[in-house]
Amino acid sequence: MKVLVAMSGGVDSSVAAALMREEGHDVIGVTLKLWSGPNGEAPTAGCCTVSDAEDARRVAAQLDIPYYVLDYTEEFRDGVVDRFVRDYGSGRTPNPCIECNRTVKFDRLLGSLAEFDSEFLVTGHHARNANVGGKWRLLRGQDRAKDQSYVLSMLTQGELSRVVLPVGELTKADVRTIAADMGLRTAAKPESMDICFVGQRDYRGFLREAAPEVFEPGRVTGTDGVELGRHDGIAGFTIGQRRGLGVALGEPRFVVRIDAGSSTVVLGRRDELAVAGARVSQLTWSVGHPVSGRVMAQYRAHGEPVEATIHGDRLLFTDRQEAVAPGQTVAFYDDDMVLGGALVADTFV
Amino acid sequence: MIYLDHAATTPMRPGVWDAMRPFADDVFGNSSGVHDVSRRAKNALEEARERVADTIAARPSEIVFTSGGTESDNLAIKGASLNRRSRRGVVTVATEHEAVLETTDFLRRIGAPTRLVGVGRDGLVDAPALFDAVDGDTAVVSVMYLNNETGVIQDIPALSAAVRDRHGEVLFHADAVQAFSSEEIDVARLGVDLLSITGHKFGGPKGTGVLYVREGTPLEPLLHGGGQELGRRSGTHDVAGAVGLAHAMEAAVTDRSRFRSQVGQIRDDFEKRVMVGIPDLQVNTPELNRSAHHLNVRIPGVRNETLLMRLDRAGIAASAGSTCQSGASEVSHVLEAMGLSPGEARESVRFSFGWNSTADEAIEAANVVVSLVEELR
């Protein structure tokens with residue numbers, strides 16, 4: 001088959017490309033150019049640096065597959081960075097890497113497959129995509145510690161039918177062994193953890209530089225509404241934050257709520273952080289049909305799933321949960337199988 | 001492979017590599033040495049300089065060997081600007097190559113007054129605006145002879161004469177990197193003080209180039225050191241490169257009239273075919289003042305990135321005219337300056353033909369372009 005491999009320059013997508021090539025498929029490698037600084041410079045941290053593209057290019061050359069760099073900087077700016085700024089400005093906690101996967105990597109590349117004369121999109125995500133009785137099932141990766149099914153939880157049946165995830169059956173150690181055996185230069189490459197356009201600094205530093213207008217001073221209050229201090233912008237806070245609150249109190253306080261309308265940051269005790277449930281938006285059922293009732297819900301990329309029930313857009317946790325923030329992605333599971341995904345719209349106690 | 005990206009680089013002409021080989025081998029001497037092997041290298045270098053000078057009607061002492069077009073552009077503009085205490089300004093055109101634009105921007109950052117003049121829809125520089133931009137602060141005016149993305153040819157003799165009439169002290173530099181294959185280069189007729197040429201655009205080796213520096217032109221060197229090239233460019237000579245460059249320049253001059261008619265015909269036939277096959281295709285290369293070997297077209301609704309990739313898969317090499325270091329295609333500043341929107345620029349592709357292009361391969365390529373565009377729509 002004809003496949004397009006999204007190569008980030010990391011070991012996982014390198015091995016994904018290598019495995020497809022070994023199986024005799026017609027493989028094209030692409031790297032997405034997503035972000036450049038104000039003077040056009042490429043990022044030096046995160047998943048898309050200059051040296052990453054260079055690594056991808058070299059691996060493609062070694063595998064003897066055609067390789068292209070696609071300029072998706074406009075799509076990335078509009079779909080990911082602007083949204084990141086907007087979300088923080090309205091008191092939400094966005095996950096730009098998930099947004100990038102969804103709106104740029106999968107949406108755009110799947111939409112472009114025909115243009116590139118390819119049938120399938122291959123990525124290096126640690127997740128499994130299996131066809132069972134004509135239905136596509138997205139499963140957690142074999143390596144539970146490296147599982148990335150959470151970030152793919154909003155893929156539809158139509159999308160899953162055109163996505164191949166070759167490294168999902170492997171552990172990260174397997175991936176590195178294969179890469180080393182094949183002599184791929186990315187075999188021992190460390191993983192990137194930073195947000196590419198933010199880099200190694202604090203995300204607040206990026207926001208202050210890129211969008212100073214989202215920093216509007218406001219009040220810091222307790223849950224009783226009594227003012228405890230002032231802040232210089234809600235964009236600098238996330239739900240569950242404990243440090244850098246700018247107010248000194250006798251006992252630990254956490255950000256329990258952010259009210260964008262009145263530009264208020266609400267602090268509370270740890271037990272006030274817990275929520276009973278959430279209303280979700282952009283709900284997508286990967287399994288192809290709506291699910292109602294008991295699910296396992298995971299609301300952080302590396303968090304453990306927790307028991308919950310879903311009815312429509314209303315998610316109710318069996319046990320109250322701490323630090324569930326509007327803007328976060330929540331993925332629904334049945335054991336290892338992804339049922340679907342959504343964004344947290346707001347929470348309720 | 002059908003290679004239609006000759007404006008990016010073109011294969012070496014026959015005999016060039018053979019002419020160079022002795023100087024990468026037996027005659028390895030440093031041309032500044034006092035012994036036989038160095039003298040032989042020095043002789044070859046100076047003979048190459050004379051041959052190069054002859055091809056552009058210059059004197060040998062006016063030839064500075066460089067590493068190519070980028071260095072020649074840098075040396076011309078920085079050299080002219082940095083040489084003076086006052087009057088350090090640069091006037092240039094929005095459609096210049098990055099080697100000129102970025103050099104100009106560097107000089108702006110260190111305090112030189114710089115001005116960028118626009119072009120019309122036809123790619124020709126706004127001449128009155130250019131003349132108005134030149135003033136008592138201007139050290140050098142830089143205009144590209146033949147545009148690398150579109151093939152637009154500027155009227156260098158008229159521009160240089162008009163600038164000189166108004167401001168006799170101002171130096172005139174022409175970036176002629178794309179012009180040597182097809183245009184007769186006579187430095188006196190062009191009226192230039194400085195002229196940049198690179199070897200690999202017409203069948204010479206990469207990493208070789210020339211800056212013509214009219215006798216008596218004050219120029220600050222960029223590379224200080226052993227004082228080679230009369231102090232204008234230090235560094236041990238690439239004798240093999242200079243010999244290969246001279247050989248290729250002579251070959252290109254000999255081949256020039258054939259190139260203009262034959263390669264021009266191949267380009268015209270290709271153009272007709274794609275125009276007929278793709279009725280809404282727009283030709284960005286203007287009808288007048290165009291080179292023999294460039295063709296820049298816009299295919300509405302087809303992103304150039306996609307078309308180039310599909311062409312590559314089909315064994316045809318073309319380009320978007322402007323690519324960044326990563327290999328991603330960028331919005332062309334040349335097309336934007338000519339009035340195209342960023343979206344239109346992203347639908348534009350450059351096909352460029354060269355000394356070894358054939359009619360058959362151009363026809364085949366045109367047919368592939370037409371059928372790929374049908375498929376992509």
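Which residues of helix 9 of chain B are buried? In this predicted model, they are B:Asn304, B:Glu305, B:Thr306, B:Leu307, B:Leu308, B:Met309, B:Arg310 and B:Leu311. Helix 9 of chain B covers residues 304-313, and since eight of its ten residues are buried, the helix is largely enclosed by the rest of the structure. Its surroundings come from both chains: the buried residues pack against strand 3 of chain A, together with strand 11 (316-317), strand 12 and helix 12 (359-376) of chain B. Just after helix 9 of chain B comes B:Gly315, with a positive phi of about 85°.

Strand 3 of chain A leads naturally to the contact between the chains. Twelve residues of chain A and twelve residues of chain B take part in this contact. On the chain A side, helix 2 (50-63) and strand 3 (67-71) each supply at least two residues. Strand 3 of chain A gives the most to that side, with four residues. Sorted by class, the side of chain A that touches chain B holds eight nonpolar and four charged residues, and no polar ones.

The loop between helix 2 and strand 3 of chain A holds A:Asp64. This residue is not a glycine, yet its phi is positive, at about 60°. A:Asp64 is exposed, because 9 other C-beta atoms lie within 10 Å and a residue with 12 or fewer counts as exposed. A second residue other than glycine with a positive phi is A:Ala323, where the angle is near 55°. A:Ala323 also belongs to a loop, in this case the one between strand 15 (314-322) and strand 16 (329-334) of chain A. Here the setting is a buried one: A:Ala323 has 22 other C-beta atoms within 10 Å, and 20 or more are needed for a residue to count as buried.

A wider view of chain A comes next. The chain contains seven helices and 17 strands. Its radius of gyration is 21 Å, close to the 20 Å that the globule rule gives for 349 residues, so chain A is as compact as a globular protein of that length. The C-alpha trace of chain A spans about 65 × 50 × 35 Å along its principal axes. Buried residues make up 48% of the 349 residues of chain A. Among contacts in chain A between residues at least 6 apart in sequence, 65% join residues at least 24 apart.

The domain assignment divides chain A into domain 1 (2-124 + 165-181) and domain 2 (215-272). The C-alpha centres of these two domains of chain A lie 38 Å apart. Five residues from domain 1 of chain A and seven residues from domain 2 of chain A form their contact. On the domain 1 side of this contact in chain A, one residue is nonpolar, four are polar and none is charged.

Chain B is likewise divided, into domain 1 (2-8 + 256-376) and domain 2 (16-251). The centres of domain 1 and domain 2 of chain B, taken over C-alpha atoms, are separated by 28 Å. Their contact takes 24 residues from domain 1 of chain B and 21 residues from domain 2 of chain B. Helix 8, strand 10 and helix 10 (333-337) of chain B are the elements that give two or more residues to the domain 1 side of this contact. Helix 8 of chain B provides the largest share of that side, three residues. By class, the side of domain 1 of chain B that touches domain 2 of chain B has nine nonpolar, eleven polar and four charged residues.

Helix 8 and strand 10 of chain B meet again at a sheet. This open sheet of chain B has three strands in the order 9-10-12, with antiparallel pairing. Strand 9 (282-283) and strand 12 (348-352) of chain B are the edge strands, each pairing on one side only. Strand 9 of chain B is joined by two bridges to strand 10 (residues 294-298) of chain B, and the two run antiparallel. Within the sheet, B:Val283 stands opposite B:Val297 of strand 10 of chain B. Helix 8 (residues 239-277) of chain B packs on the sheet and touches strand 9, strand 10 and strand 12 of chain B. The direction of helix 8 makes about 10° with that of strand 10 of chain B. Strand 12 of chain B thus brings the account back to helix 9, as one of the elements against which the buried residues of helix 9 of chain B pack.

Technical notes
Residues are numbered from 1 along each chain as its sequence is written. Chains are lettered from A and ligands numbered from 1 in the order in which they are written. This is a predicted model: local features need pLDDT of at least 70, side-chain atom pairs count only at pLDDT 80 or more; totals for chains, interfaces and linings use all residues. Two residues are in contact if their C-beta atoms, placed from the backbone, lie within 7 Å. Ala, Val, Leu, Ile, Met, Phe, Trp, Tyr, Cys and Pro count as nonpolar, Asp, Glu, Lys and Arg as charged, and the others, Gly among them, as polar. Two strands pair if DSSP finds at least two bridges between them. Axes are lines fitted to C-alpha atoms, for helices over the stretch in contact, and angles run from 0 to 180 degrees between N-to-C directions. The radius of gyration is taken over C-alpha atoms; the globule rule is 2.2 Å times the number of residues to the power 0.38. Domain bounds come from an automatic or database domain assignment.
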